[in-house]
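Here are my notes on the model, set out as numbered points. They start at the ligand and then turn to the sheet.

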Amino acid sequence: MEANRIYNFNPGPSMLPLEVLKEAQAEFLNFQNTGMSILEISHRAPAYDAVHNQAKADILELMGLGDDYEVLFIQGGASMQFDMVAMNFATPEQRGNYVLSGSFASKACKEAEILDRGYVAASSKDTNFKHIPTQEEIKLSDDAAYLHVCYNNTIYGTEYHYIPETGNVPLIADMSSDILSRPLDFSKFSLIYAGVQKNLGPAGVALVVARRSMLEKSPENLPTMLRYDTYYKKNSLYNTPPAFGIYMVGKTAKWIKAQGGLEVMAERNKKKAALVYAAIDSSNGFYAGHADKDSRSFMNVTFRLPNEELEKKFVAEALEQQLGGVKGHRSVGGMRASIYNAMPYEGCEKLADFMEKFRKANA
Ligand SMILES: Cc1ncc(COP(=O)(O)O)c(C=O)c1O
């Protein structure tokens, strides 16, 4: 770790791999001998084209997906995907089905409801989203256009550990906070989207990976920029794309490949999460985890302390130890350690060690 950098546990935007940042820094003023930075070159220039297409190819390769899938880069964040999914695939006659497993899952559903095309297929709201609804809890409507799930719930610290079975109904997932963090059978999903500002790059790009058959034709009455087929037909270059963000996503994908791909990411992420969960579980109740154990996230670890005074003290003293961004979201309170791909093992070791010392000093 560089002396002047902290272990950054922020939920997003969040820590990026140091190697990626340094590489971008090194070529910032003169990208590939163009005499310009990547921020300054045309999105129609061959040098940019190569960046764009390589990023797409690397993402598909990491996910183990073939030619029947396509990668899109869209602006508007994951939040605009809430709208695009509902507008492109649901109608009042064929409703979008939603599993409410947290705040963003609920926001996605709300967008469909504004358009009178949403349906709640399962919810864990009554237990403050402590668990991921099980397969048995999910009840699809007869007219389901798709099932939408939020695969990792950033605020509550829960994550799916199974892929919902939906028969012929397309499965759509918001993977904003666990994209490319572990291998999955991605071919079970018809469309996956993610705001990239947690695991992959800077804010400003939503990554969409979808079956081509989902993207070929959007409903006639949709405006141009809200249609998936606009991005699909023009290789996400219908208008000026968020080029710098895509460039950074490409670099991070290349970094993941160089580390050994998603298997290696998953192995590391599990070990990192295990350190922090062990500090919670061995604390004799001083730290109380929010998520049910079988729904725990490998990406966001949420826990409370005995009172708010101690929580404030924890945040302040953690920062003195170069452990930043550990304050939780107000809807859960307490702490949240976001430990995405770029968080090194040592960061989690240091946090677990600090938790232990803090407990001994304050219990
Ligand atoms: C799971 C999830 N979905 C959606 C969003 C919203 O993303 P954006 O800010 O890119 O719209 C977030 C942001 O934190 C998130 O964690």
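1. Serine 79 places a polar side-chain atom 2.6 Å from an oxygen atom of the ligand. Keep in mind that this is a predicted model, and the distance is computed from it.

2. Threonine 154 also contacts the ligand through its side chain: an N or O atom there is 2.4 Å from a ligand oxygen atom. Alanine 78 takes part through its backbone, with an N or O atom 3.0 Å from an oxygen atom of the ligand.

3. The ligand, taken alone, exposes 400 Å², and the protein buries 83% of that. The number of residues that surround the ligand is 13. Ser79, Thr154, Asp174, Gln197 and Lys198 are the closest.

4. The sheet is open and has 7 strands, in the order β2-β10-β9-β8-β5-β3-β4, and its pairing is mixed. At the edges are β2 (69-74) and β4 (118-123), each of which pairs on one side only. On average, neighbouring strands are turned by 20° against each other, direction ignored.

5. Within this order, β9 (residues 191-195) pairs with β10 (residues 206-211) in the antiparallel sense, over 5 bridges. Tyrosine 193 stands opposite valine 208 of β10.

6. Which strands does helix α4 touch where it packs on the sheet? The helix, residues 103-114, touches β3 (96-100), β4, β5 (146-150), β8 (171-174) and β9. The direction of α4 makes about 155° with that of β3.

Technical notes. Residues are numbered from 1 along each chain as its sequence is written. This is a predicted model: local features need pLDDT of at least 70, side-chain atom pairs count only at pLDDT 80 or more; totals for chains, interfaces and linings use all residues. Side-chain values use heavy atoms; hydrogens and water are left out. Two strands pair if DSSP finds at least two bridges between them. Helices (H or I, at least four residues) and strands (E, at least two) are DSSP runs, numbered from the N terminus. Axes are lines fitted to C-alpha atoms, for helices over the stretch in contact, and angles run from 0 to 180 degrees between N-to-C directions. Contact means heavy atoms within 4.5 Å. A residue is near a molecule or strand if one of its heavy atoms lies within 4 Å of it. A polar contact is a pair of N or O atoms within 3.5 Å; within protein, one must be able to donate a hydrogen and the other to accept it, and residues adjacent in sequence count only if both atoms are side-chain atoms. Accessible areas come from the Shrake-Rupley method with a 1.4 Å probe; for residues, only the protein chains shown count as cover.
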